[in-house]
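Open the model in your viewer and keep the selection panel handy. We will go from stop to stop, choosing a few residues each time and looking at what surrounds them.

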Amino acid sequence: MDKIEESLNQPSFLIPFSKEWKQFFWRHFNREFNEIGRFWGRFPEKFVFEGKYVLDFGSGSGCLPISLAQKKASKIVGFEIDPNYTAFSNFNLDERFSEYKDVVNYQNGDLDDLEDSSFDIIISK
């Protein structure tokens, strides 16, 4: 079972992917992604994500893991409690950012569900 199918098996009132559902989440993702520069501006210039294993705790629409992949983090887990956001993040990764599928992994559930917790960096926006 792939990540999208796993996300779709979660209870949710928004699934399956209707046109309105996708538009709502894409607007949310695009707004956050366009504003992410301000978030990165809080970090010292010397702060480097390249080669790091990163957990984005509360990944929401999934824009931060995509940005981290662009910053050359070696592996990113976007962790979200809401299955709607996890489903969208996996769908968006497959549809628009497939070049990062080997680097970004979106998951939802409880923290106890994380298989590997040996992160170099834990971040939340």
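Begin by selecting Lys-72, which sits in the loop between helix 4 and strand 2. This is a predicted model, so read each stop on the tour in that light. Lys-72 follows helix 4 and has a positive phi, near 70°. That positive value belongs to a residue other than glycine. Is Lys-72 buried or exposed? Its relative accessible area is 55%, over the 50% cut-off, so Lys-72 is exposed.

**Across from the loop**

Keep the loop in view and add Lys-71 and Val-48 to the selection. The C-alpha atoms of Val-48 and Lys-71 are 8.1 Å apart in space, with their positions 23 residues apart in sequence. Val-48 belongs to another loop, the one between helix 3 (36–40) and strand 1 (53–57). With a relative accessible area of 46%, Val-48 counts as partly exposed.

**Helix 4**

Now step back to helix 4, residues 63–70. Colour the helix by accessibility and a clear pattern appears: 7 of its 8 residues are buried, so helix 4 is largely enclosed by the rest of the structure. The buried residues are Cys-63, Leu-64, Pro-65, Ile-66, Ser-67, Leu-68 and Ala-69.

Pick Ser-67 from that list. Ser-67 has a relative accessibility of 5%, which is under 20%, and therefore counts as buried. Which residues is Ser-67 in contact with, once its neighbours within four places in sequence are left aside? Show Phe-33, Ile-36 and Trp-40, and you have them.

Next, select Cys-63 together with Leu-93. These two are 30 residues apart in sequence, and their C-alpha atoms are 9.7 Å apart in space. Leu-93 takes us into helix 5, and at 1% relative accessibility Leu-93 is buried.

**Helix 5 and its aromatic partners**

Helix 5 covers residues 83–96. Select Arg-96 in this helix and show its side chain. Arg-96 has a relative accessibility of 34% and counts as partly exposed. Leaving aside neighbours within four places in sequence, Arg-96 is in contact with Trp-26, Phe-29 and Asn-30. Draw a distance between the side chains of Arg-96 and Asn-30 to find a polar contact of 3.0 Å.

Now show every aromatic ring. How many aromatic pairs does a search of the whole structure find? The count is 16. One of them is formed by Phe-25 and Tyr-85, an edge-to-face pair with 4.9 Å from centre to centre and 90° between the planes. This pair links distant parts of the chain, since Phe-25 lies in helix 2 (residues 19–34) and Tyr-85 in helix 5, 60 residues apart. Both partners fall under the 20% cut-off for buried residues: Phe-25 is buried at 2% relative accessibility, and Tyr-85 is buried at 18%.

Widen the selection to Phe-24, Phe-25, Phe-29, Phe-33, Tyr-85, Phe-88 and Phe-97, which ring pairs link into a cluster. Two of these names have come up before: Phe-29 is in contact with Arg-96, and Phe-33 is in contact with Ser-67.

**The largest pocket**

Turn on a surface and look for the largest pocket, with a volume of about 190 Å³. Its lining is made up of Tyr-53, Lys-75, Val-77, Asn-105, Gln-107, Asn-108, Asp-113, Leu-114, Glu-115, Asp-116 and Phe-119. Two elements each give two or more residues to this lining, namely strand 2 (75–80) and strand 3 (104–108). Which of the elements supplies the largest share? Strand 3 does, with 3 residues. Colour the lining by class and you will see 4 nonpolar, 3 polar and 4 charged residues.

**The whole view**

Finally, zoom out to the cartoon of the full protein. There are 5 helices and 4 strands, and from the N terminus on they run α-α-α-β-α-β-α-β-β. Of the 125 residues, 45% are buried. Among contacts with a separation of 6 or more, 71% are between residues 24 or more positions apart. The pair of Phe-25 and Tyr-85, with its 60 residues of separation, makes a good last selection for seeing distant parts of the chain linked.

How values were computed: Residues numbered from 1 in each chain as written. Predicted model: local features only at pLDDT ≥ 70, side-chain atom pairs only at ≥ 80, totals over all residues. Heavy atoms only, no water. 1 Å grid on protein atoms, 1.4 Å probe; cavity = no way out; pocket = protein on both sides within 12 Å on 5 of 7 lines; lining within 4 Å. Points joined across faces, edges and corners; volume = space filled by probe spheres on them. Nonpolar A, V, L, I, M, F, W, Y, C, P; charged D, E, K, R; others polar. Buried < 20%, exposed > 50% of the residue type's maximum accessible area, 1.4 Å probe, protein only. Contact = heavy atoms within 4.5 Å. Polar contact = N/O pair within 3.5 Å; in protein donor to acceptor, adjacent residues only side chain to side chain. Phe/Tyr/Trp six-rings, centres within 6.5 Å; stacked < 30°, edge-to-face > 60°.
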